[in-house]
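Please read these notes with the model open beside you. Each point takes up one topic and can be checked by eye.

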Amino acid sequence: MLYWLMKHIFLGPLLKVFFRPRIIEGAENIPKEGGAILASNHLAVSDSFFLPLKLSRRVTFPAKIEYFTGTGVKGWLQKAFMSGVGQVPIDRSSASAAQGALSTGVRILREGKLLGIYPEGTRSPDGRLYKGKVGVAWIALEAGVPVIPVAMFGTDKANPIGSRMWKPTQISIKIGKPLDFSRYEGLSGDRFVLRSITDEIMYALMELTGQEYVDVYAAKAKEDQAAAEAAVEVPGRPDAKSVDRVPETKAG
């Protein structure tokens with residue numbers, strides 16, 4: 001009930017007014033019933049809001065568990081909001097927790113629902129398309145469902161990384177043709193098969209979005225970026241050698 005209230009009464013009408021989201025291609029590729037994975041590029045947190053807004057069927061997205069564990073009034077409101085826009089908590093703190101998250105995805109699909117997934121695992125730090133994680137392939141094979149590539153455009157301008165306020169911007173969506181991986185049935189335990197499927201999904205996304213592809217995980221790119229920024233010398237700060245050297249004095 002909360003999902004439909006958020007979509008049609010509270011949040012949805014406002015998003016439609018300020019961002020005018022539209023599907024410019026491939027609306028017919030969304031099945032009218034049955035489970036399917038919507039594999040999207042990931043430019044901003046708002047990606048998870050605009051895609052469900054334009055589809056008649058409910059879309060469930062996994063979200064990091066921290067969004068659901070806050071305390072106090074703020075924590076309760078955040079949890080209610082994330083639940084209301086169709087997100088379910090996943091814990092990625094360990095291998096066993098990550099497996100539990102994958103199994104949750106399979107359960108949702110076997111119930112005949114649509115599951116939204118970002119194969120990159122996290123938002124792109126610079127607008128490029130990054131290497132996909134194989135979890136999407138494992139879920140697709142275990143649930144026996146097609147994977148539908150989805151391209152989001154404009155969400156990074158409407159909701160830039162680190163911004164507190166959203167900027168009115170036209171949001172556009174392209175939906176690709178379903179990818180059928182039934183030929184790999186029973187091979188969800190083969191790492192090479194999972195990698196091959198994932199790369200095929202990412203290639204379809206690259207063609208649909210027109211983004212430059214980078215064969216590196218987005219999380220690793222973010223780590224490297226943070227390390228590089230931390231290593232930049234701060235103007236006016238003495239370097240290590242000058243700090244270690246004893247200042248010269250008149251005494252010699």
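**Notes on the predicted model**

1. Start with Leu 5. Its relative accessibility is 31%, so Leu 5 counts as partly exposed. Buried would require under 20%, and exposed over 50%. Leu 5 sits in helix α1, which covers residues 2-10. Leu 5 also belongs to a nonpolar patch on the surface, together with Met 1, Leu 2, Ile 9 and Phe 10. Together these residues have about 520 Å² of accessible area.

2. Keep in mind that this is a predicted model. How high is the average pLDDT of the protein chain? The average is 87, and 89% of the residues score at least 70. Residues 240-252 are another matter: over this stretch the pLDDT is below 50. Beyond near neighbours in sequence, the stretch has 1 contact in the model. Read residues 240-252 with that pLDDT in mind.

3. Now the overall build. The protein chain has 10 helices and 9 strands. It holds 252 residues, and 42% of them count as buried. Take the contacts between residues at least 6 apart in sequence: 80% of these join residues at least 24 apart. The accessible surface of the chain is about 14200 Å². Carbon and sulfur atoms account for 57% of that surface.

4. Look inside next. In soluble globular proteins, nonpolar side chains tend to be buried together. Here the largest nonpolar core has 28 residues. Which of them touch the most other members? They are Ile 37, Ile 139, Val 147, Phe 181, Ile 197 and Ile 201. Five elements each supply at least two residues of this core: β2 (36-40), α5, β5 (114-117), α6 (135-143) and α8 (191-209). Another core, of 23 residues, lies apart from it. Leu 11, Phe 61, Val 150 and Ile 175 are among its members.

5. Val 147 deserves a closer look. Which residues is Val 147 in contact with, leaving aside its neighbours within four places in sequence? The list includes Ile 37, Phe 181 and Ile 201, which also appear among the core residues that touch the most other members. Val 147 is in contact with Ala 39, Ala 140, Lys 177, Pro 178 and Leu 179 as well.

6. Turn to Leu 102, in helix α5 (residues 95-110). Is Leu 102 buried or partly exposed? Its relative accessible area is 22%, so Leu 102 is partly exposed. The cut-off for buried is under 20%. Neighbours within four places in sequence aside, Leu 102 is in contact with Gly 135, Trp 138 and Ile 139. Ile 90 lies 12 residues from Leu 102 along the chain, and their C-alpha atoms are separated by 8.7 Å.

7. Last, the charges. Side chains of opposite charge can pair when their charged atoms come close. The count here is 7 salt bridges. One joins Glu 111 and Arg 107, at 3.3 Å from N to O. Another joins Lys 113 and Glu 111, at 3.1 Å. Arg 107, Glu 111 and Lys 113 are thus linked in a network. Glu 111 is partly exposed at 43% relative accessibility, Arg 107 is partly exposed at 43%, and Lys 113 is partly exposed at 40%.

8. One more pair: Lys 220 and Asp 224 form a salt bridge, with their closest N and O atoms 2.9 Å apart. Why are they separated by about one helical turn? Because they are 4 residues apart in helix α9 (residues 218-231). Lys 220 is partly exposed at 41%, and Asp 224 is partly exposed at 38%.

How values were computed
Residues are numbered from 1 along each chain as its sequence is written. Side-chain values use heavy atoms; hydrogens and water are left out. Buried means under 20% relative accessible area, exposed over 50%, partly exposed in between (1.4 Å probe, protein chains only). Contact means heavy atoms within 4.5 Å. Accessible areas come from the Shrake-Rupley method with a 1.4 Å probe; for residues, only the protein chains shown count as cover. Patches are made of residues with over 30% relative accessible area and no salt bridge: like charges are joined within 9 Å, nonpolar side chains (Val, Leu, Ile, Met, Phe, Trp, Tyr) within 5 Å. A salt bridge is a side-chain nitrogen of Lys or Arg within 4 Å of a carboxyl oxygen of Asp or Glu. pLDDT is the predictor's confidence in each residue, from 0 to 100. A nonpolar core is a set of buried Ala, Val, Leu, Ile, Met, Phe, Trp, Tyr and Cys residues joined through side-chain atoms within 4.5 Å.
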